[in-house]
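Please look at two features of this protein: its salt bridges and its internal cavities.

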Amino acid sequence: MYELAPNIELLFTEAGDYQDRVRAASAAGFSAVEMWGPTGVDAPAKPKDVPALKAALQETGTQLTAQLAEPRTQFMIPPRDHSEFYRKLDEGVGIAQELGCPRMVVGSGTGFGGAKRQTQLDDLIEIYRKAIAQIEGSGITLVLEAVNVRVDHPGSLLDRTAESAYVARGVDSPFFGILYDVYHSTVEGEDVEAELANAGELVRYVQIADAPGRGEPGSGAVDWPAALATLRSAGYDGPIGLEYYPTTESAASTAFIRGVAEQA
């Protein structure tokens with residue numbers, strides 16, 4: 001059975017603040033949640049009260065499975081000043097440790113039309129080698145996410161699972177891997193089985209939403225029993241983040257995928 005982690009940016013928003021969303025997820029039977037940035041620097045209208053969030057996690061015995069690294073950084077766009085990313089990385093790691101979160105999600109930013117794609121991928125390897133060296137000994141794993149450019153993230157450098165795997169192999173650290181998002185992969189027209197056959201050993205975290213639409217599993221066209229069976233066959237047995245926009249009440253929207261996960 002897979003452990004499912006509702007994203008508290010999108011699910012259980014009916015409960016109010018983030019800490020109350022943790023409590024609502026726990027009351028609905030979930031033992032884990034995930035979230036986006038820990039301070040809301042990329043979404044200042046939704047700041048997080050980290051001490052209150054920590055108290056809710058501890059009170060309910062809920063595991064925070066993943067948080068985003070802040071701020072989102074345009075690594076490849078001139079003048080390519082990465083100092084704020086590295087400065088905030090230490091802060092993010094500290095918050096992750098305080099909240100008991102083992103993973104931080106990182107990305108590639110927008111690709112730059114003035115440089116070869118391969119050069120940019122190789123530059124990204126060096127950026128994350130430096131990041132891993134900076135946080136050595138923290139116990140935090142960085143997971144690199146490829147996102148679709150067809151619908152949600154036009155212009156992103158990393159939109160293919162194989163390229164995120166290329167970067168992860170280049171970084172070559174047990175504390176660096178990839179986030180495989182079934183939704184983004186499906187929107188890009190990738191075959192889940194083929195991608196996991198190539199990159200399965202690098203997957204350190206998984207997120208899901210249905211496609212098309214990015215709604216809850218069961219609202220689109222993805223064959224979820226097959227997808228979770230493929231994940232299992234590829235060797236992934238970690239938590240799965242529910243990062244979707246519910247089309248119905250939060251707890252009700254999870255019913256289908258909970259049933260699938262119980263059999264996976």
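What follows is a short report on a predicted model, taking charge pairs before enclosed space.

## Salt bridges overall

Side chains of opposite charge can pair when their charged atoms come close. The structure holds 14 salt bridges. Three pairs are described one by one below, followed by a network.

## A pair within one helix

R87 pairs with E84, and their closest N and O atoms are 2.7 Å apart. Both residues belong to helix α3, which spans residues 83–99. They sit 3 residues apart, or about one turn of the helix.

Are these two side chains buried, exposed or in between? R87 has a relative accessible area of 49%, so it counts as partly exposed. E84 is also partly exposed, at 36% relative accessibility.

## Pairs across the sequence

D152 and R214 form a salt bridge with a closest N to O distance of 3.7 Å. This pair links distant parts of the chain, 62 residues apart. D152 is in the loop between β6 (141–145) and α5 (161–171). R214 is in the loop between β8 (203–208) and α8 (224–233). The two partners fall into separate accessibility classes: D152 is partly exposed at 28% relative accessibility, while R214 is buried at 9%. The cut-off for buried is under 20%, so R214 falls within that class.

R169 and E201 meet in another salt bridge, at 2.9 Å from N to O. R169 lies in helix α5, and E201 lies in the loop between α7 (192–199) and β8. The pair therefore ties together parts that are 32 residues apart in sequence. R169 is partly exposed, with 37% relative accessibility. E201 is partly exposed as well, at 49%.

## A linked network

Which residues are linked in a network of salt bridges? The members are D20, R23 and E59.

## The largest cavity

Rolling a probe the size of a water molecule over the atoms shows where empty space is left. In this model the count comes to 2 cavities of 30 Å³ or more. The largest encloses about 70 Å³ of space.

Its lining has 14 residues. Nearest the centre of this cavity lie A146, T161, D181, S185 and E190. Three elements give two or more residues each to the lining: α5, β7 (176–181) and α6 (182–187). Of these, which gives the most? Strand β7 does, with 4 residues. By class, the lining of the largest cavity divides into 5 nonpolar, 5 polar and 4 charged residues.

Helix α5 thus appears in two settings. It gives residues to the lining of the largest cavity, and it also holds R169 of the pair with E201.

## The second largest cavity

The second largest cavity holds about 50 Å³ of space. Its lining is made up of P38, T39, Q67, L68, A69, E70, K88, E91, G92, I95 and M104. Two elements give two or more residues to this lining: β4 (67–68) and α3. Helix α3 supplies the largest share, 4 residues. The class split for the second largest cavity is 5 nonpolar, 3 polar and 3 charged.

Helix α3 links the two topics of this report. It holds both R87 and E84 of the salt bridge within one helix, and it also contributes to the lining of the second largest cavity.

Conventions. Residues numbered from 1 in each chain as written. Predicted model: local features only at pLDDT ≥ 70, side-chain atom pairs only at ≥ 80, totals over all residues. Heavy atoms only, no water. Salt bridge = Lys/Arg side-chain N within 4 Å of Asp/Glu carboxyl O. Buried < 20%, exposed > 50% of the residue type's maximum accessible area, 1.4 Å probe, protein only. 1 Å grid on protein atoms, 1.4 Å probe; cavity = no way out; pocket = protein on both sides within 12 Å on 5 of 7 lines; lining within 4 Å. Points joined across faces, edges and corners; volume = space filled by probe spheres on them. Nonpolar A, V, L, I, M, F, W, Y, C, P; charged D, E, K, R; others polar.
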